[in-house]
Amino acid sequence: MAIPPRSASPSAPTSSTEEQRPADQPTASWHVRAPWFAAIALALVPVVFTAGASAAAQLSEATEIGGAFILAAGAAVSAILGFIVIRLSRPTLRDYGFGQPRRARAALWFVPAAATVLIILGAQGVRVDAPTLAAYAVLVVAVALNEETWFRGIVFAILRARSTRTAVVGSSVLFGVLHLANLAGGADLGSSVLQVAFAALFGLVAAQLLVLTGSLWPAIAWHAAWNFVTFIGGDATDTRSLVGLGAACLVMLGYAVFLGRRTPSRPSGTAATGSPALP
């Protein structure tokens, strides 16, 4: 897709809120003629790699550990492709959010995000052996880096040209809806719908953290930690685990409301726009 080259942004008037945070916000922004089409198309990339790796694990009749490493390999290749796309674009890695987090205090030092992980860990416990635990540790890092690079990095940058609010909500909705791909992995419809709702809420908070702190790293760390405690708990669905999940979701919802009041709805005047033609 052809994207105009980056041009210097004039010193346009900004709101007082934007003037206080120009360096804190992610600034990568793609100007394309059909941003929603581009966002949906590129959001499918990590889904395709995950589905392919999942199919490979099933066809090879891999063990739980082997399957985890196959899925990690697929996620790693997808993440590398995402970095290639980023490198081909004009904005830098820092513009996409790969920089040091700022305003941690404004994000309550990420305590609510950490609390959700601890709630799930306490509710489910650890139900796998040490070798499987190590395999899952590799998997969750690859998956978190892959999905955050594409959804809160590239897809967010595409939709951000319209507004920050559009990028936050749009990337979250796409993140949730595309989790319906879990149906292909054998998940039942009911649990898949619940996962879509949860993934959208998770994506909302992750996107708000990106805007507020100017960094993807808090969301990547939270994403990896959440998946890790879920996997080592065996994705349990007993009463205690479901109560824990419900409590974590309530914390997450409250955190989303808190962050939403502090998240600017428009991009700042320092947005880095444009990229060369991408394949």
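The following paragraphs go through a predicted model of one protein chain, from its overall layout to particular side chains.

The chain has 279 residues. Its secondary structure comes to 10 helices and 2 strands. Along the sequence the elements follow the pattern α-β-α-α-α-α-α-α-α-α-α-β. One strand therefore comes after helix α1, and the other strand ends the pattern. Of the residues in the chain, 47% count as buried. A contact list shows how the chain folds back on itself: among contacts between residues at least 6 apart in sequence, 86% join residues at least 24 apart.

Next comes the surface. The chain exposes about 13,000 Å², and carbon and sulfur atoms supply 66% of that area. One nonpolar patch on the surface is formed by I80, L81, I84 and L88. Together these four residues have about 330 Å² of accessible area. L88 belongs to helix α3, which covers residues 64-88. How far is L88 exposed? Its relative accessibility is 40%, so L88 counts as partly exposed; the partly exposed class lies between the limits of 20% and 50%.

Aromatic rings are the next topic. A pair of aromatic rings is described by the distance of the centres and the angle of the planes. The structure holds 8 such aromatic pairs. One of them joins F83 and F98, with 5.2 Å from centre to centre and 45 degrees between the planes, and this pair is tilted. The pair links distant parts of the chain: F83 is in helix α3, while F98 is in the loop between α4 (93-96) and α5 (111-124), 15 residues apart. Are F83 and F98 buried or exposed? F83 has a relative accessibility of 25% and so counts as partly exposed. F98 has 13%, so F98 counts as buried.

A second aromatic pair is made by F151 and F175. Their centres are 5.0 Å apart and their planes are 75 degrees apart, which makes the pair edge-to-face. F151 sits in helix α6 (residues 130-160) and F175 in helix α7 (residues 164-177), so that this pair, too, links distant parts of the chain, here 24 residues apart. Both F151 and F175 are buried. These two residues are also members of one aromatic cluster, together with F198, F202, W222 and W226.

Charged side chains also meet aromatic rings. R152 lies over the face of F175, at 4.3 Å from the ring centre. In another part of the sequence, R262 lies over the face of F258, at 3.7 Å from the ring centre.

R152 appears again among the charged pairs. Side chains of opposite charge can pair when their charged atoms come close. How many salt bridges does a search of the whole structure find? The search finds 2. In one of them R152 pairs with E148, and the closest N and O atoms are 2.7 Å apart. R152 and E148 both lie in helix α6, 4 residues apart, about one turn of the helix. Both residues are buried. R152 thus takes part in a salt bridge with E148 and lies over the ring of F175.

The other salt bridge joins the side chains of R127 and D238, at 3.1 Å from N to O. Which parts of the chain does this pair tie together? R127 is in the loop between α5 and α6, and D238 is in the loop between α9 (217-232) and α10 (239-260), so the pair ties together parts that are 111 residues apart in sequence. R127 has a relative accessibility of 44% and therefore counts as partly exposed. D238 is partly exposed as well, with a relative accessible area of 30%.

The last topic is the backbone. E61 is not a glycine, yet it has a positive phi of about 50 degrees. E61 lies in the loop between α2 (35-59) and α3. At 70% relative accessibility, E61 counts as exposed, because the limit for that class is over 50%. F110 is another residue other than glycine with a positive phi, in this case near 65 degrees. F110 is found in the loop between α4 and α5, and F98 is in that loop too.

Notes: Residues are numbered from 1 along each chain as its sequence is written. This is a predicted model: local features need pLDDT of at least 70, side-chain atom pairs count only at pLDDT 80 or more; totals for chains, interfaces and linings use all residues. Side-chain values use heavy atoms; hydrogens and water are left out. Buried means under 20% relative accessible area, exposed over 50%, partly exposed in between (1.4 Å probe, protein chains only). Contact means heavy atoms within 4.5 Å. Accessible areas come from the Shrake-Rupley method with a 1.4 Å probe; for residues, only the protein chains shown count as cover. Patches are made of residues with over 30% relative accessible area and no salt bridge: like charges are joined within 9 Å, nonpolar side chains (Val, Leu, Ile, Met, Phe, Trp, Tyr) within 5 Å. Rings of Phe, Tyr and Trp (its six-membered ring) pair if their centres lie within 6.5 Å; planes under 30 degrees apart count as stacked, over 60 as edge-to-face and the rest as tilted. A charge sits over a ring if NZ of Lys or CZ of Arg is within 6 Å of the ring centre and within 35 degrees of the ring normal.
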